[in-house]
Amino acid sequence: MNHLNRVYYALKPLLPWGARTALRRVRANAKRATHAKVWPIDEKAGAVPPGWPGWPEGKRFSVVLTHDVEGLKGLGRVEQLMNLESQLGFRSSFNFVPEGEYRLSEGFRRKIESAGFEIGVHGLKHDGKLYSSREEFSRRAVRIRAYLDEWKAAGFRSPYFHHNLEWLQELGVEYDASTFDTDPFEPQPEGVGTIFPFWVPGPGGSGYVELPYTLVQDFNLFVVLRETNEIWKQKVDWVAERGGMVLVNTHPDYMCFGDDAPARDEFPARYYAELITYIQNRYEGTFWSALPRDVARFYREEAAPGKVYPSKATS
């Protein structure tokens, strides 16, 4: 983590929401202007990796739906989001913060899993300090591994999409989902430059599968940039054409269900429903709708681990 990010996360609790969002908006608009050639689409990221076996059953591309549950408000909306996806024929993964402002009960975990959804671990605390030092990461990794084991979770995602793919080897996960193909708006903005999963090798033949998100996150799209889901749809079409992985990450914390007017940090849940309805209607029968763990296991078995490893991924 760089010095500027350390300062920001130390001061963040003291800054009013409006001030934080205004700063993010100014920064994002500047980034958008300077990164127009690589966002929302970086053409180089569409290159098919050497040795790529194609998706199961000859599907054209894959669709992976994920959600990060940041706070108590988001936890209270998980079932509404599950119902929305189930009605449209999808299942997704929910990443929970083990030691944040809520606690995930065993009963609720079982309810989610019995409905066909996946559970992942989202950091330890949602405070932006996981990567403050190697010592701090290793200290928290002990607790994270305990939750991975208790929840029988296959995957991990870091809060704020901070990442150090070498350090993540300590977690012993099947997959990590803390990166993206291209997204200049994130605190750690370097992308891994691919819309395909890839293998991150570890010592002694160990390693894990990395699953980068390929659609911009909901809060940045709707609240910070004040855009529409047409950007999502445009990127879906581009990824589908190149046979990659449509991986989207949203937050129930920011979704407004029902007819109420969204709060200043929210967007209508129908925007997300429109996205997955678009995918279903336009590409019916041609995509593999999979949970992240399914993609990771497929890749590990079929794609010759160690063969595909973007050089930027370890930076």
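This report walks through the cavities, some strand pairing and the nonpolar core of the structure above.

We're looking at a predicted model, where local features need pLDDT of at least 70, side-chain atom pairs count only at pLDDT 80 or more, and totals for chains, interfaces and linings use all residues. Residues are numbered from 1 along each chain as its sequence is written, and side-chain values use heavy atoms, with hydrogens and water left out.

**Cavities**

A cavity here is a set of points, on a 1 Å grid over the protein atoms alone, where a 1.4 Å probe fits but cannot get out; lining residues have an atom within 4 Å of a point. Points are joined across faces, edges and corners, and the volume is the space filled by probe spheres set on them. The count is 2 cavities of 30 Å³ or more. In the table, Ala, Val, Leu, Ile, Met, Phe, Trp, Tyr, Cys and Pro count as nonpolar, Asp, Glu, Lys and Arg as charged, and the others, Gly among them, as polar.

| Cavity | Volume | Lining by class |
|---|---|---|
| Largest | about 50 Å³ | 5 nonpolar, 2 polar, 3 charged |
| Second largest | about 30 Å³ | 4 nonpolar, 3 polar, 1 charged |

Around the largest cavity sit W39, P40, D181, T182, D183, Y213, T214, L215, V216 and K235. The second largest is lined by T66, S93, N95, F156, R157, Y175, A177 and P292. Two elements, β2 (93-96) and β4 (155-157), each give two or more residues to that second lining; strands are DSSP runs of E with at least two residues, helices are runs of H or I with at least four, and both are numbered from the N terminus.

**Strands around β7**

Y175, from the second cavity's lining, also stands opposite V209 in β7. Strands β5 (residues 175-176) and β7 (residues 207-210) run parallel, joined by 2 bridges; pairing takes at least two bridges found by DSSP. W199 stands opposite V209 too, and β6 (residues 198-201) pairs with β7 in the antiparallel sense over 4 bridges. β6 and β7 make a hairpin with 5 residues between them, and G204 in the turn has a positive phi of about 65 degrees.

**The core**

A nonpolar core is a set of buried Ala, Val, Leu, Ile, Met, Phe, Trp, Tyr and Cys residues joined through side-chain atoms within 4.5 Å, with buried meaning under 20% relative accessible area (1.4 Å probe, protein chains only). The largest one has 97 residues, of which F96, L171, W232 and Y272 touch the most other members. Helix α9 (residues 269-283) gives the most to this core, with 8 residues. Leaving aside residues up to four places away in sequence, L171 touches F137, A141, I144, R145, L148 and F156, a contact being heavy atoms within 4.5 Å.

How values were computed. On a 1 Å grid over the protein atoms alone, a cavity is a set of points where a 1.4 Å probe fits but cannot get out, and a pocket is an open set with protein on both sides within 12 Å along at least five of seven lines; lining residues have an atom within 4 Å of a point. Buried means under 20% relative accessible area, exposed over 50%, partly exposed in between (1.4 Å probe, protein chains only).
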